[in-house]
Amino acid sequence: MTAGGHPAPATSPRARLFDAHCHLQAHCHLRKAAEVGVAALACNGCWQDDWARVAELCADGGGSSGGGGASSSGSSSGAALPTVVPNFGLHPWWVARRSPDWLERLRAALLAHPTAGLGECGLDRGPRCAAGYAEQLEAFEAQLMLAQELQRPVSVHCVRAYGAVHDALRRLALTVPVVLHSWTGAAEMTAVLAALRTPVYFSLSGHLLKQPPAKALPMVRAIPLDRLMIESDSPDGALDPPPAWLHALPQLSHLPGELRAAGLAQLNRPCVLRWTLQLVAAAAGRPEEEVACATWDNACRVFGCTPDGVGAAAKQLDSQG
Ligand SMILES: [Zn+2]
């Protein structure tokens, strides 16, 4: 059973899910995520104090070196708790409040966690961002260069700055994987970014539903299957399909009722990912199993996950460096 007592949708043994971007707030959410098949998640820290919180969550159980192996206080269904991959970065909303030594502290956090990715960083030209664009760009590019130097994947937040993100990736000739989280760009921009030398991945969440289906559906179908990921972006990004989406994809008409029953209509959690998978598979016009397998494989590759646990690939890169 999931939160709210709703029966979990059936999951095949192969259908493990990877939440490619979230902001985990408590361990109880790990157990509920495991019950619907979430076997790994990338947890993002957005500012200096947040990095310590993310590191603590990983150390306390479900950390990347543990291979999902927190104590098996596990789930009632017996599933192991998900592996948690830490990510540390300076989000554009916190750029205005950064300390003078923020970049050195970020480097230290990444070096202390060889399995960690760099995230969340990015560019935001929306009204919620206090930092000016020039200082955002400076902080973003510094983090991209740090990720390249340390050979870490990057999780990118991008609001009204798709062209600028594209230009930065091209200018810096990044070769580490870049995950554009909660991607909502146009189909044309998706194709342009997918063609870069930088391996760019497109991670989809409930934010997709803020776009009209006429714009979003061609975009989802423009994402190459080997560059697709799914994420909860919890606690943001609740799935709440508006009528236009239910009209365009009537096979999703069960979603609002199930999400309400699971207590996920307003408050988002990583366990939403089973329903995010249904949304993305319907939008892509592909079977759920195919999308589950592809997104799992893609995220494992990017975040250094092996069948034995997360982090082996990252450690290998470090020892080569
Ligand atoms: Zn985020």
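Let's start in the middle: the largest nonpolar core has 95 residues, and Leu41 and Val280 are the ones that touch the most other members. A nonpolar core here is a set of buried Ala, Val, Leu, Ile, Met, Phe, Trp, Tyr and Cys residues joined through C-beta atoms within 7 Å. Helix α10 (residues 273-284) gives the most to this core, with nine residues. Helices (H or I, at least four residues) and strands (E, at least two) are DSSP runs, numbered from the N terminus.

What you're looking at is a predicted model, so local features need pLDDT of at least 70, side-chain atom pairs count only at pLDDT 80 or more, and totals for chains, interfaces and linings use all residues. Residues are numbered from 1 along each chain as its sequence is written.

Back to Val280: leaving aside neighbours within four places in sequence, Val280 is in contact with Leu204, Val220, Ile230 and Val291. Two residues are in contact if their C-beta atoms, placed from the backbone, lie within 7 Å.

**The whole chain**

The protein chain has twelve helices and ten strands. Of its 321 residues, 51% count as buried. A residue is buried if 20 or more other C-beta atoms lie within 10 Å of its own, exposed if 12 or fewer, and partly exposed in between, with C-beta atoms placed from the backbone. Take the contacts between residues at least 6 apart in sequence: 74% of them join residues at least 24 apart.

**A strand-helix-strand unit**

Strand β1 (residues 17-22) has six of its six residues buried, so β1 is largely enclosed by the rest of the structure. β1 pairs with strand β2 (residues 38-45) in the parallel sense, over four bridges; two strands pair if DSSP finds at least two bridges between them. Cys22 has Cys43 of β2 as its bridge partner. Add helix α1 (residues 28-35), and β1, α1 and β2 make a right-handed β-α-β unit. Right-handed means that, with the strands pointing away from the viewer, the path from the first strand over the helix to the second runs clockwise.

**The annotated sites**

UniProt, in an unreviewed entry, places the feature "binding site" at Glu120 and Asp233. These two are spread over 114 residues of sequence, yet they cluster in space, with a largest C-alpha distance of 11.3 Å. The unreviewed UniProt entry also places "binding site" at His157 and His181. That pair is spread over 25 residues of sequence and clusters too, with a largest C-alpha distance of 6.0 Å. UniProt positions are given in the numbering used here, feature names are shortened, and annotations may be inferred rather than shown by experiment.

Here is where each one sits and how many other C-beta atoms surround it:

| Residue | Place | Other C-beta atoms within 10 Å |
|---|---|---|
| Glu120 | strand β4 (residues 117-124) | 29, buried |
| His157 | strand β5 (residues 154-159) | 25, buried |
| His181 | loop between β6 (178-180) and α6 (187-194) | 28, buried |
| Asp233 | loop between β8 (228-230) and α8 (243-248) | 26, buried |

Now for their contacts, not counting residues up to four places away in sequence. His181 touches Glu120, His157 and Asp233, among others. Glu120 has contacts including Asn44, Cys46, His91 and His157. For His157, the contacts include His91, Pro92 and Asp124. Asp233 is in contact with residues including His21, Cys22 and His207, and that Cys22 is the residue bridged to Cys43 in β2.
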